[in-house]
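Let's walk through this structure together, taking the cysteines as our way in and the sheet as our next stop. Have the model open as you read.

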Amino acid sequence: MKCAQNGFKTLILEKRKLPREKVCTGMIMGQWANRIIQDEFGDIPSRVLIDPGHLSGHMLHVPGIPAQIIEYRTPIAWRKDLDSWMNEEAAKEGVEIQDKTRVVAVSHDDRGCDLTIENDEGRKEFWTRFLVGADGATSVVRRSLFPRLKVRYSSPIRECYKGSLDIGRDYCHWFFPKSLPRPRFDLHHKGDFFLIEGSGIRELREDIRLTLADYGFSANVQPLWSDGCAIPLLHKELITGAFSPARGNTLLVGDAAGLIFPITYEGIGTALKSGLLAAEAVTEAAGQGKQAGKIYLQKLEPLLSAIKKLHGLQEGLSLSAKQGASELAKGLKNAYEKTLKTV
Ligand SMILES: Cc1cc2nc3c(=O)[nH]c(=O)nc-3n(C[C@H](O)[C@H](O)[C@H](O)COP(=O)(O)OP(=O)(O)OC[C@H]3O[C@@H](n4cnc5c(N)ncnc54)[C@H](O)[C@@H]3O)c2cc1C
């Protein structure tokens, strides 16, 4: 949207049929997410939010310790609805959106890149001066730029159940059943459903049953549906500079760049923030006849240094856990609060 507003002919290519759902809690969590949406898109319409509309905050549950409460008003939505509203707003600003169109290959030169796309009409190639790879965790654009980069992934699962549990439905509940920062799982309500998510769900199956039994979760209940996805774990590579998410006029943003916050794994705000920085870099590069990649990487520095700080905090949580459950609970509260308040 920012590219179109700045006068560029702008095309969004999306492989799935829109509107598409994305495995995500759909919490618009931190300051970047909330400010950027407010500044660039305006008030989120109530039709986009899902009951309870706004969470009051987060509760962190470590066994044997009273829940740590972080009061932090957080809009919540199904991603399908949030993203489709943002697409509508982008279209109003002149962005062309082509869904059911997959980018299958990208080749780069100093001036821009050639894209091969595939849809119902077959394969087509075209050239673009600037490319923003916003294609998520397993990004084709990232693989085209850095074919040798080895990426580790975590693989969270989401399970959706009918009804509600006897636990504050206007909080996101994070559970640490092993009294360790990981594995963890989270529980939240959306409309007539409650959802359980996390990358440790399989190994925590019995802990989940035992923990949630206190809140009315029946041992025999089956989810209505479940799905899963990948999260790229690129923090170390980004911090050490082993991976810089741009080259020439191709810029990676959001999950494609591994720009997700440690600790909460908030990624909507970082995707929006990096997307905006990419649009600024493209605009400056076009004006000055320079390549956008270098400009973008400079603009990304504060985001990378925020990730570095939070990554340090995350490492510190393992030490807190060694000092006992109460230290872990305190450490978690501090780390979650700092992540939410990152600007
Ligand atoms: C279980 C879970 C819960 C989460 N909860 C939250 C939360 O509450 N709040 C939060 O801030 N973050 C959360 N996140 C993180 C957040 O979902 C992501 O960080 C964020 O969606 C990244 O946005 P993105 O635009 O970079 O990528 P995506 O949202 O993944 O979008 C990428 C898009 O590119 C499309 N695409 C992929 N490949 C191609 C291709 N070859 N051609 C064309 N199109 C393609 C995909 O279909 C997709 O629509 C959560 C993540 C998980 C896994």
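A search through the whole structure turns up zero disulfides. Keep in mind that this is a predicted model. Why does cysteine 172 have no bond to the closest cysteine sulfur? That sulfur belongs to cysteine 24 and lies 11 Å from the sulfur of cysteine 172, which is too far for a bond, because a disulfide calls for two cysteine sulfur atoms within 2.5 Å. Cysteine 229 is in no disulfide either, and the nearest cysteine sulfur, again that of cysteine 24, is 8.3 Å away.

What about their surroundings? Cysteine 172 has 0% relative accessibility and so counts as buried, given that the cut-off for buried is under 20%. Cysteine 229, at 24% relative accessibility, counts as partly exposed.

Now turn to the sheet. It is open and built from seven strands with mixed pairing, and you can trace them in the order β3-β2-β11-β12-β13-β10-β14. At the edges sit β3 (68–75) and β14 (225–228), each pairing on one side only. From one strand to the next, the twist averages 20°.

Take a look at one pair within this sheet: β10 (residues 157–162) and β13 (residues 193–198) run antiparallel and are joined by six bridges. Among the residues involved, lysine 162 has phenylalanine 193 in β13 as its bridge partner.

Finally, find helix α5 (residues 205–213), which packs on the sheet. This helix touches β10, β11 (171–175), β12 (185–190) and β13, and its direction makes about 55° with that of β12.

Methods: Residues are numbered from 1 along each chain as its sequence is written. This is a predicted model: local features need pLDDT of at least 70, side-chain atom pairs count only at pLDDT 80 or more; totals for chains, interfaces and linings use all residues. Side-chain values use heavy atoms; hydrogens and water are left out. Two strands pair if DSSP finds at least two bridges between them. Helices (H or I, at least four residues) and strands (E, at least two) are DSSP runs, numbered from the N terminus. Axes are lines fitted to C-alpha atoms, for helices over the stretch in contact, and angles run from 0 to 180 degrees between N-to-C directions. Contact means heavy atoms within 4.5 Å. Buried means under 20% relative accessible area, exposed over 50%, partly exposed in between (1.4 Å probe, protein chains only).
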